[in-house]
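User: I'd like to learn how to read a protein model, one feature at a time. Can we start with a single side chain?

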Amino acid sequence: MLGALITALGALVVGSLLRLAAPSGVWVVLLVCWFAVITVREFGLLSFGLPQNARLVPVTVFRHGRFFGPLQFGLEMGTGLRTYVTSGLPYVLLPAVALLASPGAALFAGLGFGLGRSLMTTSNLRFSDDNSWDLEFSLYERWIKAILVVAFAGGIFAAVI
């Protein structure tokens with residue numbers, strides 16, 4: 001959660017400078033168009049890569065002990081900058097936070113992203129030890145994506161209004 005909050009607040013600071021370049025109406029239109037492109041990509045109708053550090057967080061972070069090792073691991077997972085990002089929706093969330101969010105909304109977005117990252121990891125670990133969670137997830141992946149896209153659209157719509 002801490003990594004996601006740091007990222008959200010960093011985006012808010014950078015976005016505060018970018019907001020000076022155009023009125024919020026321009027940013028809303030651009031974000032809606034970007035969200036449409038990402039939505040089409042989420043359902044496999046369009047294929048393109050998004051920038052990510054496509055590698056796992058190394059286990060060497062645990063050399064820092066029982067407290068600081070997991071803290072570093074959590075920070076790196078929470079930022080989304082050090083490991084895989086399996087959905088395109090965070091690539092809409094980040095510019096939305098940067099260009100439109102208030103400090104409270106940025107905090108809420110960071111908490112939501114951190115909770116989502118935690119939920120996926122915890123769900124996998126709690127489901128079973130034999131990686132059958134991955135098989136189960138793949139059965140419902142399209143439904144999960146649809147629910148997330150609709151929820152995300154609702155959140156963006158609520159934030160813009």
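User: What does R41 count as, buried or partly exposed?

Analyst: The idea is to ask what share of a residue's surface can be reached: buried means under 20% relative accessible area, exposed over 50%, and partly exposed in between (1.4 Å probe, protein chains only). R41 counts as partly exposed because its relative accessibility is 22%. One caution before we go on: this is a predicted model, where local features need pLDDT of at least 70, side-chain atom pairs count only at pLDDT 80 or more, and totals for chains, interfaces and linings use all residues. Residues are numbered from 1 along each chain as its sequence is written, and side-chain values use heavy atoms, with hydrogens and water left out.

User: Which residue forms a salt bridge with R41?

Analyst: For a salt bridge, look for a side-chain nitrogen of Lys or Arg within 4 Å of a carboxyl oxygen of Asp or Glu. Here the partner of R41 is E42, and their closest N and O atoms are 4.0 Å apart. E42 has 5% relative accessibility, so E42 counts as buried.

User: How many salt bridges does a search of the whole structure find?

Analyst: Two turn up. Besides the R41 bridge, the side chains of E141 and K145 meet, with 3.7 Å from N to O. To place that pair you need helices: DSSP runs of H or I, at least four residues long, numbered from the N terminus. E141 and K145 both sit in helix α6 (residues 132–160), four residues apart, which is about one turn of the helix. Both ends are partly exposed, E141 with 29% relative accessibility and K145 with 22%.

User: Back to R41 for a moment. Which ring does R41 lie over?

Analyst: A charge sits over a ring if NZ of Lys or CZ of Arg is within 6 Å of the ring centre and within 35 degrees of the ring normal. R41 lies over the face of F48, 5.4 Å from the ring centre.

User: Rings can pair with each other too, I guess. How many aromatic pairs does the search find?

Analyst: Check the ring centres, then the angle: rings of Phe, Tyr and Trp (its six-membered ring) pair if their centres lie within 6.5 Å; planes under 30 degrees apart are stacked, over 60 edge-to-face, and the rest tilted. The whole structure gives three aromatic pairs. One of them joins W34 to F48, and this pair is tilted, at 6.4 Å centre to centre with 40° between the planes. W34 belongs to helix α2 (residues 24–42) and F48 to the loop between α2 and α3, 14 residues apart, so the pair links distant parts of the chain. Both rings count as partly exposed, W34 at 28% relative accessibility and F48 at 27%. Another pair, W133 with F137, is stacked: 5.2 Å centre to centre, 20° between the planes. Those two both lie in α6, four residues apart. W133 is buried because its relative accessibility is 13%, while F137 is partly exposed at 24%.

User: Now the empty space. How much of it lies in the largest pocket?

Analyst: Rolling a probe the size of a water molecule over the atoms shows where empty space is left. On a 1 Å grid over the protein atoms alone, a pocket is an open set of points where a 1.4 Å probe fits, with protein on both sides within 12 Å along at least five of seven lines; lining residues have an atom within 4 Å of a point. Its volume is the space filled by probe spheres set on the points, joined across faces, edges and corners. For the largest pocket that comes to about 1800 Å³. Its lining has 46 residues, and those closest to the centre are P90, F113, G116, R117 and M120. Helix α6 gives the most, 15 residues.

User: What kinds of residues are in that lining?

Analyst: Ala, Val, Leu, Ile, Met, Phe, Trp, Tyr, Cys and Pro count as nonpolar, Asp, Glu, Lys and Arg as charged, and the others, Gly among them, as polar. The lining splits into 32 nonpolar, nine polar and five charged residues.

User: And which helix gives the most to the second largest pocket?

Analyst: That's α4, with six residues. This pocket holds about 350 Å³. Of its 20 lining residues, T7, T79, P90, L94 and F113 are closest to the centre. The lining has 13 nonpolar, seven polar and no charged residues.
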